[in-house]
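Visitor: Hi, I'm new to this. Could you walk me through what's on the screen, bit by bit?

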Amino acid sequence: MEDTGLHLSDDPITGMLNTEPPVMESNGDGFLPVLSQAANWSMEQAATEPLTGILPEDSGASQKASEHNLDQQVNSTELGSVEKAVEQFQIASSQLFQEEKPPLPPLPADEGEQLSEHRAESEESEQQSQDMAIESEPSVTDGTQDGTEAQVMEDGMELEDPSREMTEEPALPAEPQLPSEFDKLFKGCEDNPEDFNGWVYLLQYVEQENVLEAVRKSFDVFFMRYPYCYGYWKKYADIEKKHGNIHVAEEVYRRGLQAIPLSVDLWLHYLTFIKENSDPSDPETEGRIRAAYEHAVLAAGTDFRSDRLWESFIGWETEQQKLANVTTIYDRILGIPTQLYSQHFQKFKDHVQSNNPKHFLSEEEFVQLRLELSKNNLASMVGEDDETPAPQEELPPGTEDLADPAKRVTEIENMRHKVIEVRQEVFNHNEHEVSKRWAFEEGIKRPYFHVKALEKTQLNNWKEYLDFEMENGTPERVVVLFERCLIACALYEEFWTKYAKYLEGYSTDGVRHVYKKACTIHLPKKPAIHLLWAAFEEQQANVEEARSILKSLEEVIPGLAMVRLRRVSLERRHGNLEEAEALLREAMESAKSETETSFYAVKLARQLVKVQRSLSKAKKVLLEAIEKDQTSPKLYLNLLELEYSGDVTQNEAEILACFDRALNSPMPLESRLLFSQRKVEFLEDFGSDINILVAAYEEHQKLQKEHESTKRKAENGYDSSQEPDAKRQRVDETGAVTAMADMQANNSAYNYNWYQQQYGGWGQNSWGQYNQYTQYNQYYPPPPT
């Protein structure tokens with residue numbers, strides 16, 4: 001039996017997706033492994049996909065496969081937890097890319113200089129010239145070098161060597177000249193990072209100019225914003241390779257694979273790169289390439305369109321003449337729903353029929369299968385009446401051939417038939433799973449990332465596919481599908497929110513990971529998902545993180561009332577009333593309009609009176625706001641509500657003063673008419689002086705006539721458009737605010753709905769027709785008409 005060199009662990013594998021790109025934390029270099037280490041992984045971390053995990057528990061094929069003790073078979077129930085799937089998807093990649101690796105041979109001098117310069121640029125580009133100066137300084141020589149002894153003063157202090165003072169420092173290497181248009185294009189992208197076309201033009205320009213410093217700077221910043229553009233990762237790596245920086249190019253590939261581990265194309269490019277730049281004479285090369293393939297299929301092998309990756313793996317193992325490894329790979333792919341599932345099974349049968357079982361099976365499986373076939377053959381030879389079993393034929397040890405050529409041929413054919421039969425049921429079950437997903441997969445027209453909006457049918461297809469998988473699929477498949485979806489739909493916060501909601505209750509770290517990736521990379525200016533993230537952190541008692549999220553969002557998008565109010569409510573919930581008050585006062589001071597100032601003044605007044613129980617401070621806030629914005633009905637309404645909250649009989653003077661302040665303000669006529677109606681109602685219900693009531697009623701009649709006169713002018717062809725634009729706009733805004741104020745007033749201490757209904761016809765009906773107050777005709781004459 002040949003040694004395949006494949007040593008696989010017994011640990012179950014559920015997949016690997018470290019979907020958090022390294023550029024989230026910095027400029028994309030903090031995660032880079034040491035460049036003096038090779039890009040290879042040990043086979044101890046590689047394991048195969050379980051075979052029995054695909055089969056139903058009661059299926060015959062599952063039992064047969066279990067009897068054969070196929071390597072790497074694990075029951076899927078051991079993997080059926082969302083938490084385990086998510087945790088492995090998040091941490092596996094970082095483990096893969098940070099393993100201990102044997103040292104590489106020393107780099108050529110030129111390449112080493114370029115490599116060190118690149119790392120310095122990525123970590124701290126603004127200090128590049130300083131770093132280069134430090135590297136180029138000559139080493140300090142001993143004081144006795146060249147026969148020159150240091151001069152020593154009488155007190156024992158050493159004087160500087162005069163020869164050192166006269167030594168001229170070597171000239172610093174000149175910085176590479178950036179292309180002429182680079183600064184202009186780069187600044188345009190920094191000022192407007194959402195302009196994807198600007199980025200495309202910049203990257204094309206630096207690629208054409210072929211100045212390595214400009215290329216690195218542009219691509220590194222671009223990937224901080226758009227890490228899912230797998231094609232640009234390859235372009236970046238190709239440019240580094242073209243300059244002879246093989247190790248830097250490899251690091252670029254690995255950064256890209258951490259950012260988008262589901263990209264089959266990027267994995268294939270990376271594997272090709274490894275093969276082309278590996279030393280065939282190195283005995284470790286084969287193991288490194290095999291380990292790279294293992295991690296590729298772990299990361300992207302469950303993708304429905306991952307067939308090319310599996311075929312590449314099988315083709316490479318076939319080239320290495322490791323047929324047992326090929327069989328192991330087929331065992332994994334035959335249980336995964338993919339687009340070319342039927343083609344895989346047909347190729348597997350060709351593989352079995354064209355090779356000797358002792359070559360394409362492991363020694364353990366071959367021996368076990370030989371014993372099973374021998375027992376079955378012996379049982380068939382025993383007669384029905386013969387109770388004494390015939391003696392069992394002595395089998396050769398290990399994988400040695402049978403002595404009898406006829407029996408040898410029969411055994412080979414029986415083994416081939418048995419191997420295919422066991423996999424047939426796996427294939428049938430997988431075919432059923434593919435059929436359930438085929439329609440959804442056919443509906444995916446753009447599986448890659450792009451800034452252009454997706455069609456509505458595409459979005460609906462993703463929603464329905466996710467709902468189906470969450471109801472019918474395993475946790476591993478649900479997570480993979482979400483990751484696939486969020487590549488194509490990275491700019492749609494509803495899918496990020498759906499993913500986070502799915503993970504809630506299973507993996508706190510998984511939810512946090514999703515929110516962090518969405519808010520820091522793909523949706524930095526979407527407030528809704530930031531508010532959800534902050535609420536989640538607050539639920540986890542991580543108040544400082546929630547506070548930081550809201551503060552950072554407000555720095556990115558200043559002036560959002562919903563964010564400032566959430567910050568205020570966060571401080572209030574945790575007893576920081578002074579901080580909550582300070583946030584509202586700061587918002588009032590930084591407001592860009594009188595309306596915005598009035599809005600925050602109302603919020604502050606309500607907090608002061610309802611939470612801090614300070615009626616005087618609340619009243620002071622509203623009065624100061626009214627001095628600045630005398631045309632805001634909301635301020636007067638809230639001041640009125642404040643006065644109503646006390647004893648109305650004791651506060652009659654203050655309430656009437658509030659009404660008079662509103663009636664004497666420069667508010668539009670419609671708003672003043674509303675306050676006049678409410679003043680009359682207040683005096684009817686709580687007033688202590690009939691003279692004040694009569695005077696208020698007469699004043700209201702004057703306002704009503706003035707309002708009717710305005711309406712008649714409009715009916716007679718008066719064109720309000722002749723008024724100044726600023727005036728008309730102010731009237732429209734005030735009318736809208738008045739309507740909102742009416743709704744708020746309904747919830748206040750006094751209900752004005754009824755009064756508006758009763759007094760709605762004032763000016764059109766006579767005093768005697770005024771509903772329940774008809775007897776007032778006996779005491780007051782009707783108003784003149």
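Guide: Sure, let's start with one residue. Leaving aside neighbours within four places in sequence, phenylalanine 186 is in contact with Leu202, Lys217, Ser218 and Val221. Contact here means heavy atoms within 4.5 Å.

Visitor: Hang on, where do these numbers come from?
Guide: This is a predicted model, where local features need pLDDT of at least 70 and side-chain atom pairs count only at pLDDT 80 or more, while totals for chains, interfaces and linings use all residues. Residues are numbered from 1 along each chain as its sequence is written, and side-chain values use heavy atoms, with hydrogens and water left out.

Visitor: OK, back to phenylalanine 186. Is it buried or exposed?
Guide: Phenylalanine 186 is buried, with a relative accessible area of 6%. The cut-offs are under 20% for buried, over 50% for exposed and partly exposed in between, using a 1.4 Å probe and protein chains only.

Visitor: And which helix does phenylalanine 186 lie in?
Guide: Phenylalanine 186 belongs to helix H6, residues 182-191. Helices (H or I, at least four residues) and strands (E, at least two) are DSSP runs, numbered from the N terminus.

Visitor: How far apart are the C-alpha atoms of phenylalanine 186 and valine 221?
Guide: They are separated by 9.6 Å, and the two residues sit 35 apart along the chain.

Visitor: Zooming out, how many helices and strands does the chain have?
Guide: The count is 34 helices and 0 strands. Of the 785 residues in the chain, 47% are buried.

Visitor: What about contacts between residues far apart in sequence?
Guide: Take the contacts between residues at least 6 apart in sequence: 66% of those join residues at least 24 apart.

Visitor: New topic. How many salt bridges are there?
Guide: A search of the whole structure finds 42. A salt bridge is a side-chain nitrogen of Lys or Arg within 4 Å of a carboxyl oxygen of Asp or Glu.

Visitor: Why would side chains pair like that?
Guide: Side chains of opposite charge can pair when their charged atoms come close.

Visitor: Which residue forms a salt bridge with aspartate 220?
Guide: That's arginine 255, with the closest N and O atoms 3.2 Å apart. Aspartate 220 lies in helix H8 (residues 212-225) and arginine 255 in helix H10 (residues 246-259), so the pair ties together parts 35 residues apart in sequence. Aspartate 220 is buried at 7% relative accessible area, and arginine 255 is buried too, at 2%.

Visitor: Got another one?
Guide: Try glutamate 441 and arginine 305, whose side chains meet in a salt bridge at 3.9 Å, N to O. This pair links distant parts of the chain, 136 residues apart: glutamate 441 is in helix H18 (residues 405-442), and arginine 305 is in the loop between helix H12 (285-300) and helix H13 (307-319).

Visitor: Are those two buried or exposed?
Guide: Glutamate 441 counts as buried at 3% relative accessibility, whereas arginine 305 is partly exposed at 27%.

Visitor: And what does glutamate 554 pair with?
Guide: Glutamate 554 forms a salt bridge with arginine 564, and their closest N and O atoms are 2.8 Å apart. Glutamate 554 is in helix H24 (residues 543-556) and arginine 564 in helix H25 (residues 561-573), so the pair ties together parts 10 residues apart in sequence. Both glutamate 554 and arginine 564 are buried.

Visitor: What about groups bigger than a pair?
Guide: Glu286, Arg290, Glu317 and Lys322 are linked in a network of salt bridges.

Visitor: Let's switch to backbone angles. What's the phi of alanine 541?
Guide: It is near 65°, a positive value in a residue other than glycine. Most residues other than glycine have a negative phi. Alanine 541 lies in the loop between helix H23 (527-539) and H24, and at 64% relative accessibility it counts as exposed.

Visitor: Which other residue could I check for that?
Guide: Arginine 613 has a positive phi of about 55° although it is not a glycine. Its place is the loop between helix H27 (594-610) and helix H28 (615-628), and arginine 613 is exposed, with a relative accessible area of 68%.

Visitor: Last one: where is aspartate 467 found?
Guide: Aspartate 467 is in helix H19, residues 456-472, and it is partly exposed at 37% relative accessible area. Its C-alpha atom is separated by 9.3 Å from that of valine 478, a residue 11 apart along the chain.
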